[in-house]
Amino acid sequence: MMRRTYLKSKIFILSWILLFCFSCSDHNNDTLFHNLSPKETGIFFSNDIVETEDFNILEYIYMYNGGGVAIGDINNDGLPDIFFTANQNENRLYLNKGNLKFEDITGHSGVGGETGDKNWTTGTTMVDINNDGWMDIYVCQVYGYKGLTGGNKLYINNQDGTFTEKAKEYGLDAKSYAQQAAFFDYDKDGDLDMFLLNHAVHTPESYKSGALRSQRNQFSGDRLYRNDGGKFIDVSEEAGIFGGAMGYGLALGIADINNDGYPDIYVSNDFHENDYLYYNQGDGTFKEDIVSSMGHTSTFSMGNDIGDINNDGWHDVITLDMKPSEEKIFKTLVTVDPYDVYQLKIGLGYHHQYPRNMLQLNQGNLFKDISSFIEVGEYYGISSTDWSWGALFADFDMDGHKDLFITNGIPHRPNDLDFIKYTSNEKQKQNGFSNLDMISSIPEGKVTNVAYKNTGFKFEDKSKEWGLDLFGVSNGVAYADLDNDGDLDLVINNLNGIASIYENTLSEKQQHNFLKIKFNGPEKNIKGIGAKVILEDSVITQMQELNPTKGWLSSMDHNLLFGLGEIKNVNKLTVIWPDGRLQQLNNIFSNQTITLDYNESEIPELDTLTDPKSRLFKEVSHISGIVFRHEENAFNDFDYEKLIPRMISREGPKIAVGDVNNDGLDDFYIGGAKNQEGHLYLQLKDQDKLFQRVESSDFFKDRASEDVGAVFIDVDNDGDLDLYVVSGGGEPHQDFTMSDRLYLNDGIGNFTKTNTHPQLGFNGSCAVKADFNNDGFPDLFIGARSIPGSYGRYTQSRILLGDGNGQLFDVTARIFGNAINLGMVTDAVWLPESLELVVVGEWMPVTILDFKTLPLVQKELANTSGWWNTIHASDLDGDGDLDLFLGNFGLNSNLNPSPQYPVNLYTKDFDNNGSIDPILSYYKEGKEYPFFGLDELAKQLVAVKKVFPTYLSYAKSTFAEVFPKEELIGAGRSQAFTFSSIYLENDNQGRFFEKKMPKALQMSPIYSFATGDFNGNGYTDVLAGGNFQANQINIGKLDASFGYYLEGNGDSDLCLKKSMDSGFSIRGEIRDIKVLNRLEGKKIILVSRNDDTMLVFLLEKK
């Protein structure tokens, strides 16, 4: 009791110190926001918590989650009022008196709630639940854990400044681990229903198979309540809402995500459980399908928000996590799972998850009636904001683009590795060492909040410039135009600190335009919750949806504010009410508040989406006749080489195209994986399927080899195409299975293996056909990928000359001499006009080999060293020479090299155990650091933990401190300067000029390009695709591509077309795209995917 009294006294004193500091108002006239002092606003609220020996962060994992904010006009005077929840103390209600002055009316209003050690209050939302025109307040509380006895409260507005608690009367007195609630009309019957989000605590039941998430737990299972005439009925089971013990629900978002007119639900779940994305089926039920919609999500998902950040008419989603950007903090914390644990979770029914913020861009309904998202948080620069709670999309600078604000900080970091592995164990061994003593030894986690400006291309950190970089612990946050000046102010609920009221001073600093929308909704949803508003003008189109509950434990004001930038009037405003009725206004002047009235809406005419028949590409895999499915074996590269950034064994399959039976139609061969034969398919004429497989006993006999490249080549000059197949895959200890293979064609598509070629036995990558010596017979370049087990080391690629009689000869030594040293080759392309071979690879610059003279001249394009996957040649600009398309690793990962700050690879047997140790490094804030954490590095170099006995000592060390100069003597160093996929324009004078590919193509690794005049306008168009999953877990799946179609205009410019419009939409890991000629000028597009089926698209020539 003495300890608890002492702690309470400390917090009381600290609060007054903070109050004194804040009372000296934080007014920096140069910042967009001013943090007003309590003296100015009259708001003295502080969410102070007291930890005891029995109730603390070690006993209750959500001790530091903080409280929420609800904003709404409770007295209908046109000014938004503010309600704060406090975890252990009284909630507070502040009446807006104008000019950002507030009056505390908590005592009079009756909304303070219960206090004491039996109550723990969490989220809150305002809602006019009885549709009397007055805002009511709903409050969530935790019940049933550690003796907590609180239940959810519903405060009904008495219209005189007082409230009466009536949760039981409405059926909303839920008793659970309640976190937050959202009101919305899910069944479109006109009234508001409620979704209740509950969190979980660690129990044996929460660590079982994901299949058990459908078994309902009374405390942690989320709930859906249907409004039946003013009484709320729990319909969770029949509606398809999960209720498992592993439902660590932390945040809740409502929006019509797939644009079908029905509100959907996004739930952020902590720890190993998937986030939930519930698609409203329109029949009173929901279908959860996060796995089909998002390739991966946050691990420890916390706050979320839903909004259209790129103004394309589709809702995007952000989820927050706990990844710090500061290196010395990041490497002291529990982060990613080991690869085997990660795979175990996948096997137990959990989705791909990584511990960082995720920004999911909605690509529309590419596959039937659910949305498909690409995750681009790393590219947009918002992946690592530390211990983050609340996220809000809103246009704070009123330029027409939604910005992003994030609240951050935690009193102590319970995931600190030194505490978990050392301090806690040692202190537990000491008699009498209490929980509170242990907590005091956990490092603090106070950090600054973060504000990002949406530039239209990325998010730019404006925290300091906007005055929003408050240092401390901030949780719930809400925005509203508190002073009715046409911009958004911010209200933040701080933990153990005075609440922050931020005035947006935009209206004082610069001329801006806005439009504020209020709603007069239907009889049972008078505030119009769920209404969608679309503004259209010549410059920009914006969309917002009125769903007040969002962010973290909080709800916004019940109106919408649009920033218009320099736009003086809006051409068209469309409101779609929750029941589908529609209203349109034209030529609306800016800088005013308008009220949209449901009674002025009408039933719309049937709208039509893009007609699939009008799409250029039609997927016809089901009638293709292709039965091939690429099937990777269970080999795990990381078991043999623990520190390589990504697996080499997952780079197939490739496709070779040619007319093997001389019938005028293109046929193809697709390579098999390890222990899988390749398949040959002949194209058919005028039949009910496109292709017929031709089986080969020799292909079957060679199935132990992994096919990584293939090319058709008339090696014996008999007028038909033979087949050369490159073996590889990166697995060590393979002996004969690494040998390349040559198969001779009998003229009608039957192939027989021959040995009339050099028996190359290295880990290959590609085969490129060309006439290198200009003798009229085709030759081959065979790319060497790597030396298995020695990542970063490589053998020599080869030149094989053909004699026209079926023989191939290795003349590499004569042609390359001692001057050519390529690297880890992945692909190459031949330029016949200039007699040049352009070669790319991993850790390689773009390299040009000039075959006009011997010995060859090798030229490297400056600052182009990257992790190149593919190169393709085509005359994009129609000037008669071949331009180049190059696919790189992409810019959407935590590795972002530049010539000044490269990604480095050091290779050496550092521990003298007979094997090469590949050590990856990168730069942070201008300093070079080892890429991997202490535990990961110690799996390869055990002795490192003797040098760095704590995680903090390692985290503070630069690369030079971990690997001093003397350690690097004899080490090889490879560098990557760029991960951008690029286009190289050929000027026909022996020079290439680099141009960046469109932003979308930088979101994921590119593995293939194909070109042709696909739309029939006479200009070259481009198809591209990629993705790569088998990266180290601290890089994660790179899957932000559904394929790309870009239209050319005869110049070097390309116009990216949406997948939803073009029809070229592909899930999975694209490895190759090939264009085949068909009858009457028609085209077939083949797409190979790693560990998956092939896809076939028909292209009708326009």
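Which residue does the side chain of Lys323 meet in a salt bridge? I will start there, and I should say at once that what we are looking at is a predicted model. The partner of Lys323 is Glu378, and the separation, taken from N to O, is 3.9 Å. Lys323 sits in the loop between strand E20, residues 316-319, and helix H7, residues 327-330, whereas Glu378 belongs to helix H9, residues 377-380, so this pair ties together parts of the chain that are 55 residues apart in sequence. Both Lys323 and Glu378 are buried. The pair also belongs to a network of salt bridges, in which Lys323 and Glu378 are linked with Arg356 and Glu375.

Over the whole structure, the search finds 44 salt bridges, and I would like to show two others. In the one between Lys328 and Glu326, the side chains meet with an N to O separation of 3.8 Å. Lys328 has a relative accessibility of 43% and therefore counts as partly exposed, and Glu326, with 40%, is likewise classed as partly exposed. The other example joins Asp399 to Lys453, with 2.9 Å from N to O. Here Asp399 lies in the loop between strand E24, residues 388-394, and strand E25, residues 403-408, while Lys453 is in strand E27, residues 450-454, so the bridge ties together parts that are 54 residues apart in sequence. Asp399 counts as partly exposed, because its relative accessibility is 25%.

Let me step back to the domains. The protein is divided into domain 1, made of 33-409 and 446-517, then domain 2, which covers 518-600, then domain 3, made of 617-629, 637-899 and 977-1099, and finally domain 4, which covers 903-974. Between domain 2 and domain 3, the C-alpha centres lie 50 Å apart.

Now to the sheets, beginning with strand E2, residues 69-72. Which residues of strand E2 point one way, and which the other? Val69 and Ile71 point one way, Ala70 and Gly72 point the other way, and all of these residues are buried. Strand E2 pairs with strand E3, residues 81-84, in the antiparallel sense and over 4 bridges, and within that pairing the bridge partner of Ala70 is Phe83 in E3.

Further along the chain there is an open sheet of 4 strands, in the order E51-E52-E53-E54, with antiparallel pairing. Its edge strands are E51, residues 763-770, and E54, residues 808-810, each of which pairs on one side only, and the twist from one strand to the next averages 25°. E51 is joined to E52, residues 779-786, by 7 bridges, the two strands running antiparallel; in this pairing, Lys769 has Leu780 of E52 as its bridge partner.

Another open sheet, also of 4 strands and with antiparallel pairing, has the order E64-E63-E62-E65. The edges are taken by E64, residues 927-930, and E65, residues 972-976, and each has a single partner strand, so one side of each is left without a neighbour in the sheet. In this sheet the twist from one strand to the next averages 25°. Between E63 and E64, which run antiparallel, there are 4 bridges, and the bridge partner of Tyr922 is Tyr929 in E64.

That brings me to the interior. Which residues have the most contacts inside the largest nonpolar core? They are Trp843, Trp867, Leu895, Ile919, Leu920 and Leu937, in a core that has 46 residues. The elements that give two or more residues to this core include strands E62, residues 903-908, and E63, residues 917-924, and, among the helices, H8, residues 339-347, and H16, residues 934-940. Helices H18, residues 951-955, and H19, residues 959-962, are also on that list. Apart from this core lies another, of 38 residues, among them Phe33, Phe84, Ala394 and Phe396.

Lastly, the cysteines, since somebody at the bench will want to know. How many disulfides are there? The count comes to 0. As for individual cysteines, Cys140 counts as buried because its relative accessibility is 0%, whereas Cys1055, with a relative accessible area of 39%, is partly exposed.

Key. Residues are numbered from 1 along each chain as its sequence is written. This is a predicted model: local features need pLDDT of at least 70, side-chain atom pairs count only at pLDDT 80 or more; totals for chains, interfaces and linings use all residues. Side-chain values use heavy atoms; hydrogens and water are left out. A salt bridge is a side-chain nitrogen of Lys or Arg within 4 Å of a carboxyl oxygen of Asp or Glu. Buried means under 20% relative accessible area, exposed over 50%, partly exposed in between (1.4 Å probe, protein chains only). Domain bounds come from an automatic or database domain assignment. Two strands pair if DSSP finds at least two bridges between them. Axes are lines fitted to C-alpha atoms, for helices over the stretch in contact, and angles run from 0 to 180 degrees between N-to-C directions. A nonpolar core is a set of buried Ala, Val, Leu, Ile, Met, Phe, Trp, Tyr and Cys residues joined through side-chain atoms within 4.5 Å. A disulfide is a pair of cysteine sulfur atoms within 2.5 Å.
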